[in-house]
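Please open the structure in the viewer and display it as a cartoon, with side chains ready to be switched on. The tour below proceeds by selection, one stop at a time.

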Amino acid sequence: MKKKTALIFGVTGQDGSYISKLLISKGYRVEGVSRGANVGNLKKLKIFNKIKINIIKKNNKNELIKVLKKNFNEIYFFAGNSSITESYINLEDSIDSHFEPIKIILNFINKQKTKKTKLLFAGSSEIFGHCKGKIRENSLQNPNNPYGLSKSLTFSLIKFYRERFNLPVCTAIFFNHESSLRKEKYVIKKIITNFKKIQNNKIKYFYLGNINIKRDWGWAPEYVFGCYKMLQIKKLEDLIIATGKTTSLKEIINYLFKKYKLNWKKYIKISSKNFRRNEIIESYADISRLKKILKWKPVFDYKKILDLMYKNHL
């Protein structure tokens, strides 16, 4: 039986690495697209030698089309800028990093004559901005930062192609999701890393921004499994991937420090320099559509996630 094939954009990042591992375990032949050669995550997951990586510099259309002509069964797009802070600094690049390659991919799929490649784009809850009440797939999109704007524009482009040209393409609207593969610029990984340094007497304290923000925190390997399931259903649609439970950053900090019998107030200093511009204070996800369509939902809560990340579980 011929192996199914998948192309992963952002293959060296957290989500790209985890989806690659999942698909390889399911017998797929996996290729990746990356702008650089930092393959640390793939080596940690022991799959580096099982993936062909195509290095493509910044939306080079000819090189991208050459890879797409292999006519993969599935494409997962986890690439592009993932930092809200950096999206303010490089606004145009941030938008282009999602919108431009997706535009090329959609036009390629639209021109395929027989086999149509399935596409999943990793969206973000940032497309909704400040939203009162629970967020659903059809909630009003009102992004309040360039990163959210970029994700929203690309979401709309994909929806347009799916509905107007009947293409098998969709967006997974991710809420926050963490793992041991996260870079240390992300707040949960930053807290875990600095907490260990305090335990080992390497630092006395560290700085955070607004710890009253509330988010829906999930486990990345579970979320990419949700993405895989999204591409296996007959009629693709956009779905929120979240746990449906919201927790404040203060609760997370309190759980971690209390578990190891430390008082966080002695070790964490709040700095206004670490507050984000126009930061969303709290967000709540409605995952009823996810449960109905996929007959599945993520089950790891924030305590389980912190325990796994503390142990550096992969």
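In which helix is the place of Ser152? Select residues 146–165: this is helix α6, and Ser152 lies in it. Before proceeding, note that this is a predicted model, in which local features need pLDDT of at least 70 and side-chain atom pairs count only at pLDDT 80 or more, while totals for chains, interfaces and linings use all residues. Residues are numbered from 1 along each chain as its sequence is written, and side-chain values use heavy atoms, with hydrogens and water left out.

Helices (H or I, at least four residues) and strands (E, at least two) are DSSP runs, numbered from the N terminus. Ser152 counts as buried because its relative accessibility is 11%; buried means under 20% relative accessible area, exposed over 50%, and partly exposed in between (1.4 Å probe, protein chains only). Now show Ile127, Gln141 and Pro143, with which Ser152 is in contact when its neighbours within four places in sequence are left aside. Contact means heavy atoms within 4.5 Å.

**Loop positions**

Select Asn60, in the loop between β3 (52–55) and α3 (61–68). Asn60 is partly exposed, at a relative accessible area of 28%. Add Leu23: the two are 37 residues apart in sequence, and their C-alpha atoms are 26 Å apart in space.

Move next to Lys235, in the loop between α8 and β12 (239–241). With a relative accessible area of 72%, Lys235 is exposed. Draw a C-alpha to C-alpha distance from Lys235 to Ile293; these residues are 58 apart in sequence and 10.0 Å apart in space.

**Helix α8 and the cysteines**

Select residues 220–230, which form helix α8; this helix is mostly covered, as 8 of its 11 residues are buried. The buried residues are Ala220, Glu222, Tyr223, Val224, Gly226, Cys227, Tyr228 and Met230.

Keep Cys227 on display and add Cys170. How many disulfides does a search of the whole structure find? The search finds 0, a disulfide being a pair of cysteine sulfur atoms within 2.5 Å. Cys170 is in no disulfide, and the nearest cysteine sulfur, that of Cys227, is 8.2 Å away. That separation is too far for a bond. Cys170 is buried, at 0% relative accessibility, and Cys227 is likewise buried, with a relative accessible area of 0%.

**Helices α7 and α9**

Two packed helices are described by the angle between their axes and the distance between the axes. Select α7 (residues 187–199) and α9 (residues 249–259), which pack at an angle of about 25° with their axes 11 Å apart. Axes are lines fitted to C-alpha atoms, for helices over the stretch in contact, and angles run from 0 to 180 degrees between N-to-C directions. The two helices are therefore roughly parallel to each other; angles under 35 degrees count as roughly parallel, over 145 as roughly antiparallel, 65 to 115 as roughly perpendicular and the rest as oblique.

Show the side chains where the helices meet: Val187, Ile188, Ile191, Ile192 and Phe195 in α7, and Leu249, Ile252, Ile253, Leu256 and Phe257 in α9. By class, this contact of α7 with α9 has 10 nonpolar, no polar and no charged residues. Ala, Val, Leu, Ile, Met, Phe, Trp, Tyr, Cys and Pro count as nonpolar, Asp, Glu, Lys and Arg as charged, and the others, Gly among them, as polar.

**Helix α11**

Retain α9 and add helix α11 (residues 302–310); the axes of this pair come within 10 Å and cross at roughly 55°. α9 and α11 are therefore oblique to each other. Glu251, Ile252, Tyr255, Leu256 and Lys259 in α9 meet Tyr302, Lys303, Leu306, Asp307 and Tyr310 in α11. The contact of α9 with α11 has 6 nonpolar, no polar and 4 charged residues.

Is α11 enclosed or open? It is largely enclosed by the rest of the structure, because 7 of its 9 residues are buried. What covers the buried residues includes β8 (177–178), α7, β11 (218–219), β13 and α9. Just after α11, select Asn312, which takes a positive phi of about 60°.

Finish at Thr247, in strand β13 (residues 247–248). Thr247 counts as buried, at 7% relative accessibility. Leaving aside neighbours within four places in sequence, the contacts of Thr247 are Ile213, Lys214, Arg215, Trp217, Ile252 and Tyr302.
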